[in-house]
Amino acid sequence: MTIALVRRPGLARIRSDRSWLHLLCLGFLGLVVVLALFAPWLSPHDPNAVDLGNALAGPSGAHPLGVDGSGRDTASRLITGARTSLLGPLGVVVFSTVAGVVVGVAAGWRGGWLDSVLSRSTELVFAFPGLLLALLIVSIYGEGLIAPVVALGVAYLPYVSRLTRSLVLAERSRPYVEAYRVQGHSGLQICLRHVLPNIAPVVLAQSTINFGYALIDLAGLSFLGLGVPALTPDWGRMVFDGESAIQSGYPLCAILPCVAIVLTVVAFNVVGERWADQVARRDR
Amino acid sequence: MTDTPAGTPAADAATPETPNPETPTLEIQGLRLNLPGAARPVLAGVDLTVAARETVALVGESGSGKSLTSRSVLRLLPPGAATEGAVRVQGEDVLTMNAKQLRRLRTHTAAMIFQDPRAAINPLRRIGDFLTESLRLNADLPAAEATERAVRMLDAVGLGDRVLGQYPGQLSGGMLQRVVIAAALMGDPALILADEPTTALDVTTQAEVVGLLGDLRDQFGTALLFVTHDLGLAAAISDRVYVMYAGRIAETGPAEALFQRPRHPYTAALLRSTPHLDAPAGRLAAIEGRPPSLREELTGCPFAARCAFATQQCREELPPHLPVRGESSRLVACHHSEKLADQLAGSVTHD
């Protein structure tokens, strides 16, 4: 089972039993999710209210995190932006996990020609960088959240399906599967009722880590102006909008969304890694 | 392989719908099994019968095909295996069943007990779940009835209903093997196949499990095919014994007679190499050489290369299974069985 997840020795110190870091990250993620869920009630200003007279003002009582080049409140945009910034990766992870597990289980359980066809065709996706695939699809379907999410979902699918396939292969050869077979269970029953639940924690841990990567990729797309529509508050988009502010010497409205992205991604990684560790430890 | 073991009635005429008492619970006739990449059949014509309520031991060393023989009864064959012959459970040929019949056979008629109980149970499911799942899903029994039966079976194997809510990791190996035996009994099978069920257990637990299997046979009237490499165990538990070597039955007969007066040099050599506590200390007797490799074809008697009594005839001619003179229930596949009888018996008791 240890073959399953890519272990990164450099992260050992983060993962080791210093659970306060894990709790901190879990708490941070909880905070972000709460902010995203209750954004309309929590944001102090309308995130899209333009106030050109007050552009690039520093932190003040009314605007604790300052305003951007168009005079929009940074705090409100960060809070509202958490919605799209989390919803996008969620879509990517759900899509890639569901489709990847289906493909991986079919390939690993059936084997033979089906395995060859599925494994080779998903490996073909590896040949395209995920962002490039997303750029291609966005350029066809125009900007919006659906197109990049589907594109990244397809790009992330092979990682999930490859992991699932190796897990299913290991699980299939365990004697209890044969024991269920001689009790008269069909292959499908064993697969759905026993193999799938047994491999689920590992796959879900990997998906948690994938969430962070998907967030970076989508923020990157937004930064390039290809993700969410122009006026929608989004962390990647905010970095893009803040570019001119940096040149004018007011970097705060660009740096804050960067910090939000980095912290969220790190938090997802720490939580996912720790989950994966717990799963691996239990299997041993 | 047209010869059937003596003392078993011909079951060809029996129809599956009316299993009359004459039909043996398990009847294997001329079973041959070829694997891709093997030069000779892994099973080269195995004949074996288990009558109702009978306990039969299948003895042999690793690689002799004893496990494959028992697994073929549930058609649990390695990928690419090609079979010939017939394996009939209560008169129905397992090898030609469709998927539905096969599942019914596995759920209700025949059950298997595996070597390592800890590996044979899904570690993430509770015992109660493991016991009742087959009946709930494949026999459409309501959950309450299945649980009730599980409690009764657990009681029969000497466990309380507390284990229903426990996970496999919370039970000892011996308890788990009892759970596996209870699971085998859940479908009320006519035949239980036990594939070295005590190998993974320590000696005291072994004795318990073997005693339990004997009790259960008396209580539930199931036939038992007991696969083992432990001769002492085979002698203790079984009515009849089949000794297997290189995919063939070397010798068969009632347990006591076979171990008292072996008629095949291989049986005698096996008995000689069993360690005894009261024997003088020294090197353990072993059979020289190795069992024939699957990569080479065999001519003549498969045991000839390791047999102290082998002659030219042994190396060239496959010995047929012939009844032992004066003991109609015994068969032996050795050219020199008659000549060697006294010598072999002497060599065993001498130690």
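**Helix H8 of chain A, the chain B sheet and their surroundings**

Helix H8 (residues 175-182) of chain A, in this predicted model, is mostly covered, with six of its eight residues buried.

Colleague: Which elements cover the buried residues of H8(A)?
Modeller: The buried residues of this helix are A:Tyr176, A:Val177, A:Ala179, A:Tyr180, A:Arg181 and A:Val182. What covers these residues comes from both chains and includes, from chain B, helix H2 (99-109) and strand S6 (110-113), and, from chain A, helix H7 (146-172) and helix H9 (187-223).

Colleague: Which residue with a positive phi follows H8(A)?
Modeller: The helix itself covers residues 175-182 of chain A. After H8(A) comes a residue whose phi is near 95 degrees, and this residue is A:Gly184.

Colleague: How many residues of chain A are in contact with chain B, and what kinds of residue does chain B bring to that side?
Modeller: On the side of chain B that touches chain A, H2 and helix H3 (127-138) of chain B are the elements that give two or more residues. The residues on that side divide into nine nonpolar, four polar and three charged. In all, 16 residues of chain B are in contact with chain A, where the number of partner residues is 15.

Colleague: Why is one side of S6(B) left without a neighbour in the sheet?
Modeller: The sheet of chain B is open, has eight strands with mixed pairing, and runs in the order S6-S7-S8-S3-S9-S10-S12-S11. S6 and strand S11 (322-324) of chain B stand at its edges, so that one side of each lacks a neighbour, because each has a single partner strand. Neighbouring strands of this sheet are turned against each other, direction ignored, by an average of 25 degrees.

Colleague: In which sense do S7(B) and S8(B) pair, parallel or antiparallel, and which residue of S8(B) stands opposite B:Asp195?
Modeller: Strand S7 (residues 191-195) and strand S8 (residues 223-228) of chain B are joined over five bridges, and the sense is parallel. The residue of S8(B) that stands opposite B:Asp195 is B:Val227.

Colleague: What angle does helix H5 of chain B make with S6(B)?
Modeller: Helix H5 (residues 173-186) of chain B packs on the sheet and touches both S6 and S7 of that chain. The angle between the direction of this helix and that of S6(B) is about 170 degrees.

Colleague: Which element gives the most residues to the largest nonpolar core?
Modeller: This core has 163 residues, and those with the most contacts inside it are B:Ala182, B:Leu191, B:Leu225 and B:Phe226. Beyond its neighbours within four places in sequence, B:Leu191 is in contact with residues including B:Thr25, B:Val50, B:Val89 and B:Leu225. The element that gives the most to the core, with 15 residues, is H9(A).

Colleague: How far apart are the axes of H4(A) and H5(A)?
Modeller: Helix H4 (residues 74-110) of chain A passes helix H5 (residues 112-126) of chain A in a left-handed crossing. Residues of H4(A), among them A:Val103 and A:Ala107, meet residues of H5(A) that include A:Leu114 and A:Leu118, and the residues of this contact divide into five nonpolar, three polar and two charged. The two helices pack at an angle of about 145 degrees, and their axes are apart by 7 Å.

Colleague: Is B:Gln219 buried or exposed?
Modeller: B:Gln219 has its place in helix H6 (residues 203-220) of chain B. Within 10 Å there are 10 other C-beta atoms, and a residue counts as exposed at 12 or fewer, so B:Gln219 is exposed.

Definitions and conventions
Residues are numbered from 1 along each chain as its sequence is written. Chains are lettered from A and ligands numbered from 1 in the order in which they are written. This is a predicted model: local features need pLDDT of at least 70, side-chain atom pairs count only at pLDDT 80 or more; totals for chains, interfaces and linings use all residues. A residue is buried if 20 or more other C-beta atoms lie within 10 Å of its own, exposed if 12 or fewer, and partly exposed in between; C-beta atoms are placed from the backbone. Helices (H or I, at least four residues) and strands (E, at least two) are DSSP runs, numbered from the N terminus. Two residues are in contact if their C-beta atoms, placed from the backbone, lie within 7 Å. Two strands pair if DSSP finds at least two bridges between them. Axes are lines fitted to C-alpha atoms, for helices over the stretch in contact, and angles run from 0 to 180 degrees between N-to-C directions. Ala, Val, Leu, Ile, Met, Phe, Trp, Tyr, Cys and Pro count as nonpolar, Asp, Glu, Lys and Arg as charged, and the others, Gly among them, as polar. A nonpolar core is a set of buried Ala, Val, Leu, Ile, Met, Phe, Trp, Tyr and Cys residues joined through C-beta atoms within 7 Å. A crossing is left-handed if the near helix is turned anticlockwise from the far one by less than a right angle, and right-handed if clockwise.
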